[in-house]
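This report covers domains, interfaces, salt bridges and backbone geometry. The structure comes next.

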Protein chains: 2
Amino acid sequence: MQQTKIILPETEMPTHWYNVVADLKNPPAPPMGPDGKPLDPAMMQAIFCDPIIEQEMSAQRWVKIPDQVREIYQQWRPTPLFRAHRLEQALGTPAKIYYKYEGISPAGSHKLNSAIPQAYYNKQAGITRLTTETGAGQWGSSLSLAGQMFGIDVRIYMVKISYQQKPFRRSMMETWGGEVLASPTNLTKTGRKILAANPDNPGSLGIAISEAVEEAASRADTRYSLGSVLNHVLLHQTIIGLEAQKQFAMVGDYPDMIFAPCGGGSNFGGVAFPFFADEAAGGKHVRLVAVEPSSCPSLTRGHYAYDFGDSVGFTPMMLQYTLGHDFMPPGIHAGGLRYHGASSLVSQMYHEKLIEAVAVPQVATFAAGVQFARAEGIIPAPESNHAIRACIDEALRCKESGEAKTLFFNLSGHGHFDMVSYDKYLSGNLEDYDYPQAEIDAALERLPKVKA
Amino acid sequence: MQQTKIILPETEMPTHWYNVVADLKNPPAPPMGPDGKPLDPAMMQAIFCDPIIEQEMSAQRWVKIPDQVREIYQQWRPTPLFRAHRLEQALGTPAKIYYKYEGISPAGSHKLNSAIPQAYYNKQAGITRLTTETGAGQWGSSLSLAGQMFGIDVRIYMVKISYQQKPFRRSMMETWGGEVLASPTNLTKTGRKILAANPDNPGSLGIAISEAVEEAASRADTRYSLGSVLNHVLLHQTIIGLEAQKQFAMVGDYPDMIFAPCGGGSNFGGVAFPFFADEAAGGKHVRLVAVEPSSCPSLTRGHYAYDFGDSVGFTPMMLQYTLGHDFMPPGIHAGGLRYHGASSLVSQMYHEKLIEAVAVPQVATFAAGVQFARAEGIIPAPESNHAIRACIDEALRCKESGEAKTLFFNLSGHGHFDMVSYDKYLSGNLEDYDYPQAEIDAALERLPKVKA
């Protein structure tokens with residue numbers, strides 16, 4: 001019988017996360033205050049607890065995973081690595097295709113990998129409440145569950161349009177005890193200002209971040225928690241790639257190319273960075289490909305500049321590839337990729353040509369997702385469909401060239417809460433969005449004037 | 001670190017299913033034709049392919065799992081056995097609680113365990129189309145995926161009210177290539193007759209079975225596929241209990257009591273029967289508890305009599321605990337348990353006092369499900385919540401008595417497509433239904449007059 005599932009024994013689960021900062025030739029550009037001056041540490045402390053700030057600033061290569069975090073990880077980790085025999089056969093490609101499946105986590109995606117340690121460190125620091133934002137709902141679900149496990153109250157500002165369109169993600173967060181609000185709310189200055197201008201504002205991830213940060217900064221018992229973008233979040237996600245390396249070793253294979261969806265960057269960084277570590281330690285070069293939506297192409301068409309993390313300008317500024325903090329992404333179904341910027345670390349590595357990026361249009365990603373589901377069974381999240389599209393495209397190139405490359409992608413989550421988008425695709429009602437160059441150029445004019 | 005997840009190596013996956021018929025003192029009562037006379041074999045052959053009929057009639061103790069079926073099983077099997085440390089702690093019980101998690105199958109429940117072999121055997125027999133019915137959608141999803149994997153077209157008659165209320169389950173079936181119709185349809189005599197009487201008939205599982213059977217019987221290329229009740233379905237599901245036995249052996253424990261939801265019976269039979277085999281071979285007695293909804297209490301309050309499997313009277317009659325084939329179960333959210341009867345095998349074992357049964361009301365099952373989700377992370381299917389309720393009740397009895405019993409339940413699926421019911425529970429809008437004795441007595445009068 002063909003081996004399709006590569007299971008890493010629990011005893012082999014990594015004990016440390018990997019910090020890519022240690023292997024970069026240039027140190028990361030420092031964050032700047034929202035006023036464009038060097039960041040005031042007190043501002044960070046009003047938003048994040050000290051252990052999180054320490055991780056965010058760390059250049060230490062290996063960071064120990066706390067025992068209590070590993071114990072909870074073990075409920076679903078190590079996650080399986082699959083060899084996609086049936087998909088390879090359906091494509092008729094000589095390429096070998098592998099995928100790591102993060103959708104078996106109780107929250108249904110890789111997001112729980114960072115939610116658990118974030119709740120843990122905040123609990124250690126005596127914090128009793130966390131605020132956060134969520135778009136598609138994957139991050140909000142994960143933090144609700146993590147908060148429940150550590151006895152921390154979680155308030156989630158959910159983008160209003162998603163709150164209305166995705167009632168089941170909201171029920172999921174509430175089942176785990178999270179409090180979910182439709183953002184913009186009238187509980188924050190930001191929300192009230194936006195609602196005064198337009199009571200029907202549908203919300204955006206940028207607005208929800210502004211509200212969550214504003215509330216956290218105003219209460220001593222409360223901190224803010226972010227599900228992507230920042231260094232410590234990418235650090236926590238490296239458990240994906242670290243496990244995958246051991247699983248590849250079990251079958252005596254190693255990837256030539258790795259594909260992961262890229263919005264904020266935690267998905268991509270989580271699976272790709274550990275392979276960069278191998279290369280930095282003298283191993284072979286693996287092509288690391290960040291896959292983004294062509295309607296929200298921060299890496300492939302954005303500017304490399306200092307910009308805010310939110311849409312209002314509350315957060316510190318980071319050097320990053322950005323479409324402009326006030327960019328309003330079109331309503332694609334991969335809600336987790338609807339973000340104006342990208343992680344500083346991912347941006348720096350792209351800028352230094354250490355990684356690659358490609359943009360793919362929405363309808364083609366769903367075509368790939370359905371093809372995958374029919375061959376392999378699992379229905380992927382719309383975000384994951386981006387990686388699948390890019391991987392299938394490469395597998396088809398291999399079919400033409402006859403190359404037997406080893407391809408690997410991160411199946412970051414299942415699509416059980418995204419069936420409405422599959423429905424639209426199957427009935428021919430899904431759209432692609434063009435992103436006009438004039439808008440990109442105009443956004444450049446609105447970027448904060450801070451020198452990199 | 002505490003061990004919470006007990007993983008059976010792939011090489012240890014059972015090679016045979018277990019047939020409980022071999023260990024029953026009395027042979028199963030024969031099925032009767034819908035006319036009350038001994039069943040005409042040609043009638044069976046119009047509905048089922050020969051290998052399935054052979055399995056249905058078999059008394060062979062161990063039945064080999066075909067290699068191709070095992071290969072597909074291996075995509076998600078062996079499923080994990082969990083020790084529920086966090087739930088035990090939340091309950092403050094000295095009892096040890098274990099659960100087997102079938103929700104990691106790509107279709108999200110245990111139903112795929114039988115869908116795969118049913119598609120396989122029909123393919124072997126040269127069948128190119130399958131019809132079936134679905135209520136909540138778990139079975140329809142599983143058969144869609146199984147059909148896709150073996151290149152068999154699948155048409156699903158979905159109870160109309162579910163079709164309207166659960167569009168995402170429908171999208172899931174369509175993503176896997178299944179054709180989904182809202183039953184009653186105007187494609188069958190049964191459907192046309194029902195629609196003529198009432199164009200707004202919301203449908204029922206019994207009606208959908210009638211339509212699916214009628215179509216299969218009328219086409220040479222088509223057979224019918226059932227997701228529960230019948231012997232061969234329960235046979236396929238025994239892989240759950242067989243794996244669990246090996247997993248208990250790995251940690252040196254063994255259950256005192258086993259709980260499983262019971263509608264048609266495949267969930268219960270799948271997990272419980274292998275432990276009955278142990279006892280039949282001289283092992284210790286395990287209390288096997290079938291848990292049913294108090295609003296659809298076929299075992300605990302029904303009659304033991306010959307009755308039809310569908311609501312119209314198309315199918316053969318089986319000796320079973322039944323509420324009457326025309327019983328219309330109230331609209332509880334555990335759609336998989338809304339069935340008027342129970343499997344003949346489960347019924348016989350209950351009649352012979354080899355197993356136990358208990359009925360639990362809906363609201364209490366959701367209270368148990370939410371408590372479980374907050375402790376263990378996984379959000380259970382409403383069907384599974386029945387087993388959780390009964391298990392928690394026993395764990396609380398152990399807390400009073402100080403007994404450290406080993407309790408085990410089957411977490412048959414996740415609740416990702418059932419969040420609307422959690423929403424109702426959390427907002428206090430979920431109802432319990434009483435099942436009046438007068439209705440049970442009246443149903444007895446309408447049972448077909450066939451002597452057991």
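## Annotated span

Residues 74-413 of chain A are 45% helix and 19% strand. The end C-alpha atoms of this span lie 18 Å apart. An unreviewed UniProt entry places the feature "domain: Tryptophan synthase beta chain-like PALP" on these residues of chain A. The model is predicted.

## Two domains in chain A

The domain assignment splits chain A in two. Domain 1 takes 5-10 + 67-108 + 232-446, and domain 2 takes 112-226. Taken over C-alpha atoms, the centres of domain 1 and domain 2 of chain A are 24 Å apart.

In chain A, 33 residues of domain 1 are in contact with 31 residues of domain 2. Between them, the two domains of chain A bury about 2,600 Å². Carbon and sulfur atoms give 65% of that area. On the side of domain 1 of chain A, A:Ala107, A:Phe314 and A:Phe417 lose the most area to domain 2 of chain A. Together these residues account for 23% of what that side buries.

## Polar links between the domains

How many salt bridges are counted between domain 1 of chain A and domain 2 of chain A? The count is one. A:Lys166 and A:Asp418 form a salt bridge, with the closest N and O atoms 2.8 Å apart. Nine residue pairs are in polar contact across the interface of domain 1 and domain 2 of chain A, both residues at pLDDT 80 or more.

On the side of domain 1 of chain A that touches domain 2 of chain A, three elements give two or more residues: helix 3 (67-73), helix 11 (231-237) and helix 12 (239-251) of chain A. By class, the residues of that side are 15 nonpolar, 12 polar and six charged.

## The interface of chains A and B

The contact between the chains takes 47 residues from chain B and 47 residues from chain A. Chain B and chain A bury about 4,100 Å² between them. Carbon and sulfur atoms carry 55% of it.

Four salt bridges are counted between chain B and chain A. B:Asp423 forms a salt bridge with A:Arg170, with the closest N and O atoms at 3.6 Å. Polar contacts join 21 residue pairs across this interface, both residues at pLDDT 80 or more. Which elements of chain B each supply at least two residues of the side that touches chain A? They are helix 3 (67-73), helix 6 (138-150), helix 8 (167-175), helix 16 (362-376) and helix 18 (419-426) of chain B. Helix 8 of chain B gives the most, with six residues. That side of chain B has 23 nonpolar, 12 polar and 12 charged residues.

## Salt bridges overall

Over all chains, a search of the whole structure finds 44 salt bridges. Among them, B:Glu10 pairs with A:Lys5 at 3.7 Å, N to O. This pair crosses between chains. B:Glu10 sits in the loop between strand 1 (5-6) and strand 2 (16-18) of chain B, and A:Lys5 belongs to strand 1 (residues 5-6) of chain A.

## Backbone geometry

The peptide bond from A:Arg77 to A:Pro78 is cis, with omega near -10°. A:Pro78 lies in the loop between helix 3 and strand 4 (81-83) of chain A. In chain B, the peptide bond from B:Ser183 to B:Pro184 is cis, with omega near 10°. The loop between strand 8 (179-183) and helix 9 (189-197) of chain B holds B:Pro184.

B:Val229 is a residue other than glycine with a positive phi, near 70°. B:Val229 is in the loop between strand 9 (222-224) and helix 11 (231-237) of chain B.

Notes: Residues are numbered from 1 along each chain as its sequence is written. Chains are lettered from A and ligands numbered from 1 in the order in which they are written. This is a predicted model: local features need pLDDT of at least 70, side-chain atom pairs count only at pLDDT 80 or more; totals for chains, interfaces and linings use all residues. Side-chain values use heavy atoms; hydrogens and water are left out. UniProt positions are given in the numbering used here, feature names are shortened, and annotations may be inferred rather than shown by experiment. Helices (H or I, at least four residues) and strands (E, at least two) are DSSP runs, numbered from the N terminus. Domain bounds come from an automatic or database domain assignment. Contact means heavy atoms within 4.5 Å. Buried area is the accessible area (1.4 Å probe) that two parts lose on being put together, summed over both. A salt bridge is a side-chain nitrogen of Lys or Arg within 4 Å of a carboxyl oxygen of Asp or Glu. A polar contact is a pair of N or O atoms within 3.5 Å; within protein, one must be able to donate a hydrogen and the other to accept it, and residues adjacent in sequence count only if both atoms are side-chain atoms. Ala, Val, Leu, Ile, Met, Phe, Trp, Tyr, Cys and Pro count as nonpolar, Asp, Glu, Lys and Arg as charged, and the others, Gly among them, as polar.
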